[in-house]
Amino acid sequence: MAKQRDRTPLDKLLKHWARATAAERSEFLRQVTEEGQPDVGVGHVPPIANGRYLLPQTVQRIERIIIARRITPAEAMLEMGFERGHASLTRALARGASLRLSVIAALQTWIAQNEAESVRSEPPEAEAPEHL
């Protein structure tokens, strides 16, 4: 009888990843990207989706952008180069529906651009006069 090979930590991780809920996977990814990993330098972009589904923090980021800019998800899709009437982002934000990978890729770029613009457009903090 052949000796069974010992399972590696990777084997165990993959087994438990398959059993984890979407919330558990999101929390794991958040911990790995924010807390447990060394900074990988310029170009490191945290994930915005787990497969074809947006992460909860991504939904919040998108909602902040569309509210601040006073646009609809459909207008955001137009900005990303998709056809008029493309409602997949609306469904993903409202009901947690899945997105095509091309939409997720475009969305990642769109979020980065809009968050960078919002940082540049924020007025500087007003300083209190020193003579008071």
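**Exercise 1. Confidence along the chain**

Determine which element of this predicted model has the lowest mean pLDDT and which the highest, and identify what the pLDDT is over residues 37-42.

*Solution.* The model is predicted, and the comparison begins with its elements: helix 2, spanning residues 22-36, has the lowest mean pLDDT among them, at 72, whereas helix 3 has the highest, at 95. Over residues 37-42 the pLDDT is below 50, and beyond near neighbours in sequence this stretch has one contact in the model. Where pLDDT is low, the predicted coordinates should not be read in detail. For the chain as a whole, the mean pLDDT is 82, with 78% of the residues reaching 70 or more.

**Exercise 2. Overall layout**

State how many helices and strands the chain has, in what pattern they follow one another, and what percentage of the residues count as buried.

*Solution.* The secondary structure comes to six helices and two strands, and reading along the sequence gives the pattern α-α-β-β-α-α-α-α. Of the 132 residues, 24% count as buried. As for contacts with a separation of 6 or more, 56% of them are accounted for by residues 24 or more positions apart.

**Exercise 3. The two sides of helix 3**

Work out how the buried residues of helix 3 are arranged when seen down its axis, and which exposed residues the face turned away from them carries.

*Solution.* Begin with the dimensions: helix 3 has 14 residues and reaches 20 Å from its first C-alpha to its last, which is close to the 20 Å expected at 1.5 Å a residue. Next, list its buried residues, which are Thr 58, Val 59, Arg 61, Ile 62, Ile 65 and Ile 66. Seen down the helix axis, these residues fall within an arc of 160°, so they line one face of helix 3. The face turned away from this buried side carries the exposed residues Arg 64, Ile 67 and Ala 68.

Ala 68 can be followed further: its relative accessible area is 64%, and the residue is therefore exposed, the cut-off being over 50%. Its C-alpha atom is separated by 8.9 Å from that of Ser 118, although the two residues are 50 residues apart along the chain. Just after helix 3, Arg 70 takes a positive phi of about 55°.

**Exercise 4. Salt bridges**

Find how many salt bridges the model has, and establish for the pair Arg 61 and Glu 115 which helices the partners lie in.

*Solution.* The count comes to two salt bridges. In one of them, the side chains of Arg 61 and Glu 115 meet at 2.8 Å, N to O. Arg 61 lies in helix 3 and Glu 115 in helix 6, so the pair ties together parts that are 54 residues apart in sequence. With a relative accessibility of 19%, Arg 61 counts as buried, because the cut-off is under 20%, while Glu 115, at 26%, counts as partly exposed.

In the other, the side chains of Glu 79 and Arg 69 meet at 2.6 Å, N to O. Glu 79 belongs to helix 4 and Arg 69 to helix 3, so this pair ties together parts that are ten residues apart in sequence. Glu 79 is partly exposed, with a relative accessible area of 40%, and Arg 69 is likewise partly exposed, with 35%.

**Exercise 5. Helix 5 and the nonpolar core**

Identify the buried residues of helix 5, then trace which residues Leu 89 is in contact with, leaving aside its neighbours within four places in sequence.

*Solution.* The buried residues of helix 5 are Ser 88, Leu 89, Ala 92 and Leu 93. They cover an arc of only 130° around the axis, which puts them on the same side of helix 5. The face turned away from that side carries the exposed residues Ala 94 and Arg 95, and Gly 96, which follows the helix, has a positive phi near 75°.

Leaving aside neighbours within four places in sequence, Leu 89 is in contact with Leu 54, Ile 62, Pro 73, Ala 76, Met 77, Met 80, Leu 99 and Leu 107. The largest nonpolar core has 22 residues, of which Leu 54, Ile 62, Met 80, Leu 89, Leu 107 and Trp 110 touch the most other members. Two or more residues of this core come from each of helix 3, helix 4, helix 5 and helix 6, and helix 6 gives the largest share, six residues. In soluble globular proteins, nonpolar side chains tend to be buried together.

Technical notes: Residues are numbered from 1 along each chain as its sequence is written. This is a predicted model: local features need pLDDT of at least 70, side-chain atom pairs count only at pLDDT 80 or more; totals for chains, interfaces and linings use all residues. Side-chain values use heavy atoms; hydrogens and water are left out. A nonpolar core is a set of buried Ala, Val, Leu, Ile, Met, Phe, Trp, Tyr and Cys residues joined through side-chain atoms within 4.5 Å. Buried means under 20% relative accessible area, exposed over 50%, partly exposed in between (1.4 Å probe, protein chains only). Helices (H or I, at least four residues) and strands (E, at least two) are DSSP runs, numbered from the N terminus. Contact means heavy atoms within 4.5 Å. pLDDT is the predictor's confidence in each residue, from 0 to 100. The expected span of a helix is 1.5 Å times one less than its number of residues. The arc is that of the directions from the helix axis to the C-beta atoms. A salt bridge is a side-chain nitrogen of Lys or Arg within 4 Å of a carboxyl oxygen of Asp or Glu.
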